Structure formats: C-alpha cells, structure tokens
Amino acid sequence: MTSRQLRQLFGRDTPLVVRTGADSEERNLPRMVGVTAEAAATWINVLPSTLSALVQLYEQVQFSVELAAYENLHVAEVVPGIWELDNRLAPLVLQIRGDRVDLTATDGGPQCARFHDPHHGLHERPARVDDWQIATVTEWIRHHHRALAAVRSDLGHPFGLKLHYSARFGLSPQNLRGTVPDSGTWHGGDHPSTVETNIVSSTTEPIPTGPTLLDVSIAREDHATLTTFIHRLREAGTREVFLRSGVLSHLAINLREAGITVRSAHG
C-alpha cells in the first residue's frame, strides 16, 4: 500500500479512517481516525500479517448503534456520538419484533457524549438520541431484515453488529460481534431500584459482595485495565452486575464471557 494509491482513491487532502479486521474475533483492534494518506499508508504497512485493513473516507459520527440480531427479534442500543470501548452513556434501547417496536429510554435528558472532528480531535458535549435517529435505525433494520437473516444463517447463531451514522453515508456497519446476550435478556428483569446493589464507580476501588451496579469508564486503548478489573470481580465472587452503559457494550461482552450475569440498570 502506498500513499499515492490512497490519494488516487480518496483525494489529496481528504482525512481518512483506517480500521482493522481479523479472521478470528479479537478485542480492541487498532484503528486510526482522521489521518492523511501518508500516515495511513505508513501505518498499514507495519500491521501484523494476521490483520487486514479497511480504509474509509472520514466522516463525523453523529450517533452509534450496537445491534443484536436474533431469529425473531432485533435489539438496538443507540447512543449519541462515538461509542468507545466503554463509557457511562445510558443507551436508548429499541426492540423490533415484526411490526412491533418497543422503546426504552432514560429520563435524564442530554448526556455528555463523545464526538470527533479533525480540528478538535476527541471532545465531549451534551447530546441525546433524537426522534429522527430512532426512525433511521428502525427503518435500516427493517430494510436489511433479509440480509441480517442471511448473516445469522451463515454464522449459525445470533450475532452483534456495530453501526455508525454520518450525514454523508447514513448508517454504515463497522464490524461483527460473535457474542450477544441470550434473547431472554430483553424480556425484562429486576431494576436496581428494587434490588439492593452496591455501586462501583472506579476500576481500582474494593469490590463489594452481592449484586453490583458498575458505573465505570475504561479507555478504548486500556484493554489491560478491563481484563484486570474483570479478574478482580471474579476473585470477589461477583455473579451479577447491572450496567448503565448497555448490555451490548464491550464491557458487557467481556463480563458475560467471564461467566458474570449482565443486566440493564434501566429495567
């Protein structure tokens, strides 16, 4: 890959995004956002041989979606801005079964969401999921119902899909996830207000016993901290946690794989 090839494809001064993929499911795949053709080409050429690269035109992400696709159910968790490795944003949840759409949202108003632009880099500002964004996600799922069913059939099991929305390209799939919660997770459950929980707001504080509400944020690049934190939860005998940040988040995926039951903090 050369910078000349990228300039011919995308233009001389166009900022680019480079994402990586692998044949097997991997955590925290490296990426570059808003870079020049020269920087992208240099970075691609030193990637490990086990990774492939996807180059995209840079577009500012307005909202993000984590989608779980089951046989007769599609569930989307939607947050404003960029959904990083994990954050404290409480997602809006859409459940679509045929013609029926169920919506679960918090009443807290705008949240401090993360955005990125080439001039200011990563920054935060108050934002919320708007009605048009809900309609866009619902229409996308219904329009791609057959394609989603085909992917599920090829895989042989339910799957997860990350999507980003930009004004220029609309909703665009970014990567597949092989792990999603059991479909029964979405049938409801105990809300933390009716369950005695202990709140953990830092990855370094002592782990209490019993059901725990995790209110933590872990940087995308700090996978070692996430791994250590989950190990501490298991060592403390934690069997059940509640998350404000959604049961399709990266944190939720890793907790489930560690054998810990994950529930939504919003019922």
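**Note on a predicted model: a hairpin, an aromatic cluster and a covered helix**

1. The charged end of Arg125 sits over the ring of Phe115, at 3.8 Å from the centre of that ring. This placement, like everything that follows, is read from a predicted model rather than from an experiment.

2. Arg125 belongs to strand 9, where it stands opposite Ala113. Strand 8, which covers residues 111-117, pairs with strand 9, residues 121-127, in the antiparallel sense over seven bridges, and the two strands form a hairpin with three residues between them. Strand 8 is mostly covered, since six of its seven residues are buried.

3. The structure holds three aromatic pairs. In one of them, the rings of Phe63 and Tyr165 have their centres 4.9 Å apart and their planes at 10°, and because planes under 30 degrees apart count as stacked, this pair is stacked. The pair links distant parts of the chain, with Phe63 in strand 4 (residues 63-69) and Tyr165 in strand 10 (residues 159-166), 102 residues apart.

4. Both partners of that stacked pair are buried, Phe63 with a relative accessible area of 0% and Tyr165 with a relative accessible area of 14%. Tyr165 also pairs with Trp132: their ring centres lie 5.2 Å apart with the planes at 65°, so this pair is edge-to-face. Here too distant parts of the chain are linked, as Trp132 is in helix 3 (residues 131-143) and Tyr165 in strand 10, 33 residues apart.

5. How does the exposure of Trp132 count, and at what relative accessibility? Trp132 counts as partly exposed, at 37%, whereas Phe63 is buried and Tyr165 is buried as well. Phe63, Trp132 and Tyr165 form one aromatic cluster.

6. Helix 6, which runs over residues 250-257, is mostly covered, with seven of its eight residues buried. These buried residues are His250, Leu251, Ala252, Ile253, Asn254, Leu255 and Arg256. The elements that cover them include helix 5 (223-235) together with strand 11 (170-177), strand 13 (212-214), strand 14 (240-243) and strand 15 (261-264).

7. Within helix 6, Asn254 may serve as a worked example: its relative accessible area is 12%, and because buried means under 20%, Asn254 is buried. Leaving aside residues up to four places away in sequence, Asn254 touches Arg27, His223, Leu226 and Ile230. Just after helix 6, Gly259 takes a positive phi of about 90°.

Notes: Residues are numbered from 1 along each chain as its sequence is written. This is a predicted model: local features need pLDDT of at least 70, side-chain atom pairs count only at pLDDT 80 or more; totals for chains, interfaces and linings use all residues. Side-chain values use heavy atoms; hydrogens and water are left out. Helices (H or I, at least four residues) and strands (E, at least two) are DSSP runs, numbered from the N terminus. Buried means under 20% relative accessible area, exposed over 50%, partly exposed in between (1.4 Å probe, protein chains only). Contact means heavy atoms within 4.5 Å. Two strands pair if DSSP finds at least two bridges between them. Rings of Phe, Tyr and Trp (its six-membered ring) pair if their centres lie within 6.5 Å; planes under 30 degrees apart count as stacked, over 60 as edge-to-face and the rest as tilted. A charge sits over a ring if NZ of Lys or CZ of Arg is within 6 Å of the ring centre and within 35 degrees of the ring normal.
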